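Welcome, and thanks for opening the viewer. Keep the selection panel handy, and we will walk from stop to stop together.

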Amino acid sequence: MKKVLSLMFLLSGFCGSIQAETSLYSKILAEKGQDDPTLPLNDRKETDANVMGHIIDAKTKEHLPYIKVYIEGTTQGTLSDATGHYFLKNLPEGKYVLVMESAGFKTVHKNIEVKKGKTIEVNFTAEEDLIAFDNVVVSANRNETSKRMAPSLVNILDSKLFETTNASCLAEGLSFQSGARLETNCQNCGFQQIRINGLDGPYTQIMVDSRPIFSSLTGVYGLEQIPANMIERVEVIRGGGSALFGSSAIAGTLNIITKEPQRNSAHVSHKLTLTGKKPENVTDINASMVTDDQKAGIYVFGQYRHRAPYDANGDGFTEVGILDARTVGFRSYIKTTDLSKLTFEYHNINEYRRGGDSLDLQPHLANIAEQTNHVINGGGLRYELSSRNLKHRFLTYASSQHTSRKSYYGAEKNADAYGQTRDITVVGGAQYTLKWADKLWLPAELTAGSEYQYNDLKDEMPGYGRTILQTIHNGSVFLQNEWKNKYWGFLIGGRMDKHNLLKNVVFNPRANIRYNPTENLNFRLSYASGFRAPQAFDEDLHIAAVGARAMLIEIDPNLKKETSQSLSLSADYYKRFGDVQTNFLIEGFYNDLKDVFFLDERGEDAQGNLVFVRTNKKGARVMGINLEAKVAYKWAQLQAGATYQQSRYKEAETWSDNPNIAPQKKMFRSPDVYGYFTATLNPIERLSVALTGTYTGSMLVQHLAGYIPEDREETTPDFWDINMKVAYDIPLYKSTSLQLNAGVQNIFNAYQKDFDKGVSRDAGYIYGPGLPRRYFIGCKISY
């Protein structure tokens, strides 16, 4: 109850700060004799200044419905209607940039001048952009910019890709980009993580709507807990990026942009997937509603997912556990004026998972059981305000997420393996952006701000005599300036963090250079430093049952922070050959890690549990090359990427007391080569055929004793995980349509063949695709 009251106090303070800021802003404007943008439009003077027009397809010359048109830097915007026409009325006087933007088309900017009592006509011709070279991204400074002009290289995974790959959750779509690989790390609970540029999951900063709300607890299963139907797109930045990203943005950043209401629409879908003899069922429900004047809207989403267990080798122990998840939530906005906007969202996730044997019995009656029940409630507020001349922009935000988890991690009918975890995360911050006319040699944009992160975790396993109390306070300030024109971009900044587990303030500089010798060729050079603070809880603490004993993680009292220096250089080229659009990317990356965290086995505790201690080792180097190519021609689109890398410790590390295992420099579970491809065909109207897949090269993995007599290092085979989906859209009534789809996942059943068996198995000895061959059918009704 105290935590809830604290959260309410924080949010009330947040709303109070909004009111104070806007009041001060209004007072300044009043003193200057300017209109007050914080007043509702109907309380301000009517200008009768309007903009109208239509949008037509460059090829077919047909009018295009539901295309976004807005005035850059303001909240003034609308969608074209069913006839392809739009109308913006009662606009404030001034010179603006009118933008036409829609997925699948090039973004178009037009300079306009709005005058009182006049209506001007501005028409747009939309040209196809099938490879999304000109998409809008926000992951440089939380302000929208085009992908080609962004200072950092940004990859986009949009909602279309999640649908093409038949993804039900965030995790299932993340591997379809170069430099990223999703892996499953536990047979029992199904824990998954994303590796970017060869580094473990904790090296990646995960953000939701540009806010780092993922804690060390929710990061364990969080990738599977976010349903795909709440995602508009995922922006992926490899490397540190800008100073606005958190200190843990070492390997890269995943920014999950949730769906915002655009127009009145809804869809309901159901998918049935057969794994073995039992099905998985996924039901999605979405609805979007907006007012006629586009001043307010709400997007509501819900998902129910049930996955049956699967035993691959018939030993009575699952390789894929039970998953039962329910998610509901919404995102809503109110455009309080033509220059300000309030956005708020909420989500509830209730997830149960269980793996091992004897799944119909209580966990302590099973030989092996890993069981968790998560209840997660999260939400946030965001307020944006711009000045009339669009030179000043103020942003403030607050988010919170509360997680309650009941768990059991144990073996051999151990009644002591029950646990309970409570976790609360709060993030709040403010940001100011100033557009400079010309400073030094180029137009510039200054961004300054501060952010505060709070995490309070209590993890108890009374039977093991273990209680972890972890409270983290991290205050940050950041400052960066970007100079840019269509040829050059220079982003230089720094971030200072004061973490309560560290004595000193940590300064991390970030720098990016962009050079466009032509409109369609981008060169980028990026440098970033980062750190990971020592803390007692991360995904290593999802305890695996090994030889009927639990693994416990302790922290070395002399553990130091882990630091990184990363560098990347890329060339991104777009070329059009008639109706064929192409995009080619090559990127080199280098990351130097110092004082890397490492787990050392230290024997047993008094209860016979294996004890591992997290210590520092000298360091590691990760380097490689990412390659990516996209080709699009009318009814066919192909995209493929590959990564070649090396991940090595600076000194050979000993991980086992087996004398036959030599110290190892190579990082485990880090293949030298991996990649992906997606191919989408639309041979006839309303029919689409998608072929997608990932490739993982051979890698070195640890295999712990238990089922096998002694620890071993294993070299895995390489494998392809290939999927196919066929979908057909059937028009029903007016704007209502029905889609029928079916397909196969992991067509060649490239599934691990040498799983351990029985109660003494090493549940962490798992590699390859997370699921065997599966067949699915589905339907979706859209309005």
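Please start by selecting Y86 and F124, both of which are buried. Their rings form a tilted aromatic pair, with 6.3 Å from centre to centre and 45° between the planes. Y86 belongs to strand β4 and F124 to strand β8, so this pair ties together parts that are 38 residues apart in sequence. Before going further, please keep in mind that this is a predicted model.

Next, select Y765 and Y767, another aromatic pair. Here the geometry is edge-to-face, at 5.8 Å between centres and 65° between planes. Y765 and Y767 are both buried. If you would like the wider view, a search of the whole structure turns up 16 aromatic pairs.

**Strand β1 and its partners**

Now colour residues 50-57, which make up strand β1. How many of the 8 residues in β1 are buried? The count is 6, so the strand is mostly covered.

Which strands pair with β1? Add them to the display one at a time:

- Strand β4, residues 85-88, runs antiparallel to β1 and is joined to it by 4 bridges. To see one contact, pick H54, whose bridge partner in β4 is H85.
- Strand β7, residues 119-121, pairs with β1 in the parallel sense over 3 bridges. Pick V51 here, and you will find I120 of β7 opposite.
- Strand β8, residues 124-126, is parallel to β1 and connected by 3 bridges. I56 has T125 of β8 as its bridge partner.

With β4 and β8 on screen, you can return to the opening pair, since Y86 lies in β4 and F124 in β8.

**Charges over rings**

Move on to K68 and Y70. The charged end of K68 sits over the ring of Y70, 5.0 Å from the ring centre. Then select R263 together with Y66: R263 lies over the face of Y66, at 4.0 Å from the centre of the ring.

**Salt bridges**

The structure has 41 salt bridges by the rule used here. Let us visit a few.

Select E587 and R238 and display the side chains. Their closest N and O atoms are 2.6 Å apart in a salt bridge. E587 sits in strand β33 (residues 580-604) and R238 in strand β15 (residues 231-238), so the contact ties together parts that are 349 residues apart in sequence. Both E587 and R238 are buried.

Then try E351 and R353, whose side chains meet in a salt bridge at 3.0 Å, N to O. E351 and R353 are buried as well.

For the next stop, choose D592 and K650, which form a salt bridge at 3.2 Å, N to O. D592 is in strand β33 and K650 in strand β35 (residues 636-653), so the pair ties together parts that are 58 residues apart in sequence. Are D592 and K650 buried or partly exposed? D592 is buried, with a relative accessible area of 16%. K650 has 22% relative accessibility and counts as partly exposed.

To finish with the charges, select R181, E183, R195, D200 and R669 as a group: salt bridges link them in a network.

**A nonpolar patch on the surface**

Switch to a surface view and select Y487, W488, I513, Y515, F523, L525, L567, L569, Y590 and M623. Together these residues form a nonpolar surface patch with about 850 Å² of accessible area. Which strands each supply at least two residues of the patch? They are β28 (506-518), β29 (521-532) and β32 (562-577).

Zoom in on L567, which lies in strand β32. L567 is partly exposed, at 42% relative accessibility. Now show rings only: W488, F490, Y515 and F523 form one aromatic cluster, and among them W488, Y515 and F523 are also members of the patch.

**Last stop: a long distance**

Finally, select H392, which is found in strand β23 (residues 392-411). H392 is partly exposed, with 31% relative accessibility. Draw a distance between the C-alpha atoms of H392 and L704: the separation is 58 Å, for residues that are 312 apart along the chain.

Technical notes:
Residues are numbered from 1 along each chain as its sequence is written. This is a predicted model: local features need pLDDT of at least 70, side-chain atom pairs count only at pLDDT 80 or more; totals for chains, interfaces and linings use all residues. Side-chain values use heavy atoms; hydrogens and water are left out. Patches are made of residues with over 30% relative accessible area and no salt bridge: like charges are joined within 9 Å, nonpolar side chains (Val, Leu, Ile, Met, Phe, Trp, Tyr) within 5 Å. Accessible areas come from the Shrake-Rupley method with a 1.4 Å probe; for residues, only the protein chains shown count as cover. A salt bridge is a side-chain nitrogen of Lys or Arg within 4 Å of a carboxyl oxygen of Asp or Glu. Buried means under 20% relative accessible area, exposed over 50%, partly exposed in between (1.4 Å probe, protein chains only). Two strands pair if DSSP finds at least two bridges between them. Rings of Phe, Tyr and Trp (its six-membered ring) pair if their centres lie within 6.5 Å; planes under 30 degrees apart count as stacked, over 60 as edge-to-face and the rest as tilted. A charge sits over a ring if NZ of Lys or CZ of Arg is within 6 Å of the ring centre and within 35 degrees of the ring normal.
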